[in-house]
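Colleague: Please take a close look at a single part of this model for me. I would like one connected walk through it, in short steps.

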Amino acid sequence: MSRVRVLVGTRKGAFVLTSDAKRERWDVGGPHFAGWEIYHLKGSPADPNRLYASQSSGWFGQLIQRSNDGGKTWEPVGNAFAYDGVPGTHQWYDGTQHPWEFKRVWHLEPSLTDPDTVYAGVEDAALFRSTDGGQTWRELPGLRGHGSGPSWAPGAGGMCLHTIVLNPSDPNRIFIAISAAGVFRTDDAGKTWRPMNRGLRSEGIPDPNAEVGHCVHHVAMHPSRPGVLFMQKHWDVMRSDDAGESWHEVSGNLPTDFGFPIDVHAHEPDTIYVVPIKSDSEHYPPEGKLRVYRSRTGGHEWEALTKGLPQRDCYVNVLRDAMAVDSLDPCGVYFGTSGGQVYASTDAGDSWDPIVRDLPAVASVEVQTLP
Amino acid sequence: MIRVVLPAHLQALARVRREVALQVEGPATQRAVFDALEAAYPMLRGTIRDHVTRQRRPLVRFFACERDLSHESPDAPLPDAVAMGEEPFLIIGAMAGG
């Protein structure tokens, strides 16, 4: 019988939630790395017991932890993230140029085929790769060397590379997203990169249609259809049907098109999920009602999913990496909140239950469907 | 032997008790202590001083003999009592957060 493992990163540690395929009773493991910020942890698709976690603190910096037994035990691996060559400068909040400085790892994306290969998206924005299970890290410098680097600027949360999407049908093609620069794509395994932001329009930057400078919050892809991408931007939910070459808005009837996460149903490539948030200054759901919105048409037409979610006095946020799906049938959908709840739906979003209520603020949720 | 007291998070990371004893080669300085500490416990690399610059991380402090040595040169001699193992060298996570 299949099992589900939910990996939860929080402000004060990591938690591993496990259940059988019914997804009714959950065991809560953790906290691992108690007291540390866990921005993200994720399992290898090639070896589900191989997990990687980004562990950081304002005091003691960045660590990477690795597990070979599905999160029961962990070992620290390499934590030296040195930019390639002279780091250069990017735009600072006051418009001046500011040196690139490593701060933390926001996102870890294990290779689809090799458990020892894993990508790290870091702040200040850059992409690193390890091919030895996290022991050593090398920057893929072509991204920062693209030429637009000096014009990249931090968003309110810092200048972070937070999204890494690997193409299952073409290992040389990778998408990444940076706040606030936008989406970039490589077709040669990271040597060279192109900005992929045509069609994005952001009122908060001097040229709303600029080639770079957009505050992209998250990008999702269904593995069966790698040419179609969905994006939650700072404002606007967007879609690309040509692998990022152009984007069009699909916000449709959402109550607000601000938000952070976006994800795709495991078996229906046109069924997507977002969590509308009131605004960029009010990071909570509109009207105090926590609602996931689902589109079964790849955007434009959205339905509110409310059953089991608080519909009054709810003022939590859901961060960009804090939503994931399992691959069971019906598809399970999971998300975590700044209030420490992790909600799960075992019916593709029709109804929800909190599988744990009182964790520290949740930064990330990833799901593994295990044989 | 030089006695080094670690903050709780680094004790957990290195899987040691509060205090570790280090054999330091040459003059007893902060740099020599950290080199010995990181050689004995590689998982602590980058947590006390930056990987690249080797500078003290901003919210880490160094105390010994009721003195704050955080701003001393990494090559300055440590107090004799620390060098002799009579007093510990304390690595502290600075109080912060209100």
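Modeller: Two strands count as paired if DSSP finds at least two bridges between them. Keep in mind that this is a predicted model. Start with strand β30(A), residues 362-370. It is joined to strand β1 of chain A, residues 3-10, by 8 bridges. The two strands run antiparallel. One partnership fixes the register for you: V4(A) has T369(A) as its bridge partner in β30(A).

Now look at burial. In β30(A), 7 of the 9 residues are buried, so the strand is largely enclosed by the rest of the structure. For the cut-off, a residue is buried if 20 or more other C-beta atoms lie within 10 Å of its own.

Next, pick out V365(A). Leaving aside residues up to four places away in sequence, V365(A) touches V6(A) and V8(A). It also touches A322(A), M323(A) and A324(A). The remaining contacts of V365(A) are Y334(A), F335(A), G336(A) and V342(A).

That leads to the core. The largest nonpolar core has 105 residues. V365(A) is among those with the most contacts inside it, along with V8(A), I176(A), Y334(A) and V342(A). The strand that gives the most to this core is β15 of chain A, residues 174-179, with 5 residues. Apart from this core lies another, of 23 residues. Its members include F60(A), and from chain B I2(B), L37(B) and I91(B).

So where do the chains touch? The contact takes 12 residues from chain A and 12 residues from chain B. On the chain A side, 6 are nonpolar, 6 are polar and none is charged.

For comparison, turn to chain B. Here 5 strands form an open sheet, in the order β2-β1-β5-β3-β4, with mixed pairing. The edge strands are β2 and β4 (67-68) of chain B, and each pairs on one side only. Helix α2 of chain B, residues 30-40, packs on this sheet. The helix touches β1, β2, β3 (60-64) and β5 (89-93) of chain B. Its direction makes about 105° with that of β2(B).

Within the sheet, β1 of chain B (residues 2-5) and β2(B) pair in the antiparallel sense over 4 bridges. R3(B) has A21(B) as its bridge partner in β2(B). V4(B) stands opposite V20(B). Side chains alternate along β2(B), residues 19-22. V20(B) and L22(B) point to one face and are buried. E19(B) and A21(B) point to the other face and are not buried.

Methods:
Residues numbered from 1 in each chain as written. Chains lettered and ligands numbered in written order. Predicted model: local features only at pLDDT ≥ 70, side-chain atom pairs only at ≥ 80, totals over all residues. Core = buried A, V, L, I, M, F, W, Y, C linked by C-beta atoms within 7 Å. Buried ≥ 20, exposed ≤ 12 C-beta atoms within 10 Å, placed from the backbone. Contact = placed C-beta atoms within 7 Å. Nonpolar A, V, L, I, M, F, W, Y, C, P; charged D, E, K, R; others polar. Axes fitted to C-alpha atoms, helices over the stretch in contact; angles between N-to-C directions.
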